[in-house]
Amino acid sequence: YFSLFESKKNRYWFFIYVPKQYRQEWKNIFTKGTSLLSYFIFVEFQLFIITFFILSCGLALLQFEHPINKAFLISLADSLPFFGIGLFLIPISIYFFAVGESFISVSIIILYIFILITRQIVESMLWASTFHIRTVHTFFISAASILLFGIYGIIISPFLILIVVKLKQKSTY
């Protein structure tokens, strides 16, 4: 409670416990980190909206009951770490295939692939516009971090992009 109350007055109040010689440098790092985190949340919100829109349109075209509600819940789960739309759409597709509705099953898989590709392209474009680097580079960094680090690569990829930006700024090329 006291830290929240103190943060209302001065959000850098806890830096009084940092030695003076490091205080300004750490404040700058903290400010850059919080701006990166706020942009990460902004990007995730935009991806949530895009996923929700595409998914609600797709479920409405497939004549699901309450497509907006279902799309909202799946998009919300997709925005949480370590969840994704595949956690819902793949079992639904398998269920429809098992009950003999192969058209709906294939349609859900196509919708899933379309959403994945769209999200990856939009996410790369959003990160590229933030860090002023090419979209192709952010795409490859994101893909490589997911391939190298698995699920944790999703969390690590913005930091890897930030490292590339720093290397680009310090580079002589």
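**Close-up views of a seven-helix predicted model**

**View 1. His 66 sits in the loop between helix 2 and helix 3.** Helices here are DSSP runs of H or I with at least four residues, strands are runs of E with at least two, and both are numbered from the N terminus. The phi of His 66 is near 50 degrees, a positive value in a residue other than glycine. Most residues other than glycine have a negative phi. His 66 is exposed, at a relative accessible area of 53%. Exposed means over 50% relative accessible area, buried means under 20%, and partly exposed lies in between (1.4 Å probe, protein chains only). This is a predicted model: local features need pLDDT of at least 70, side-chain atom pairs count only at pLDDT 80 or more, and totals for chains, interfaces and linings use all residues. Residues are numbered from 1 along each chain as its sequence is written, and side-chain values use heavy atoms, with hydrogens and water left out.

**View 2. Gln 63 shares the loop between helix 2 and helix 3 (67-79).** Gln 63 is not a glycine, yet its phi is positive, at about 60 degrees. The relative accessible area of Gln 63 is 70%, so this residue is exposed.

**View 3. Tyr 39, in helix 2 (residues 20-61), meets a distant part of the sequence.** Neighbours within four places in sequence are set aside here; Tyr 39 is then in contact with Leu 126, Trp 127, Ser 129 and Thr 130. Contact means heavy atoms within 4.5 Å. Tyr 39 and Thr 130 are 91 residues apart in sequence. In space, C-alpha to C-alpha, Tyr 39 and Thr 130 are 8.3 Å apart. The side chain of Tyr 39 also reaches the backbone oxygen of Leu 126, at 3.2 Å.

**View 4. Ile 50 is another residue of helix 2.** Its relative accessibility is 24%, so Ile 50 counts as partly exposed. Ile 50 touches Thr 118 and Val 122, not counting residues up to four places away in sequence. Ile 50 and Ser 75 are 25 residues apart in sequence. Their C-alpha atoms are 8.9 Å apart in space.

**View 5. Ser 93 is a buried residue of helix 4 (residues 86-98).** Its relative accessible area is 3%. Ser 93 touches Ser 105, Ile 108 and Ile 109, again not counting residues up to four places away in sequence.

**View 6. The whole chain gives the setting for the close-ups, with seven helices and zero strands.** Along the sequence the pattern is α-α-α-α-α-α-α. The radius of gyration is 21 Å, well over the 16 Å that the globule rule gives for 173 residues, so the chain is more spread out than a compact globule. That radius is taken over C-alpha atoms, and the rule is 2.2 Å times the number of residues to the power 0.38. The C-alpha atoms fill a box of roughly 70 × 50 × 25 Å along the principal axes. Buried residues make up 32% of the 173 residues. Of the contacts with a separation of 6 or more, 46% join residues 24 or more positions apart. The chain exposes about 12100 Å², and carbon and sulfur atoms supply 73% of this area (Shrake-Rupley method, 1.4 Å probe).

Key
Polar contact = N/O pair within 3.5 Å; in protein donor to acceptor, adjacent residues only side chain to side chain.
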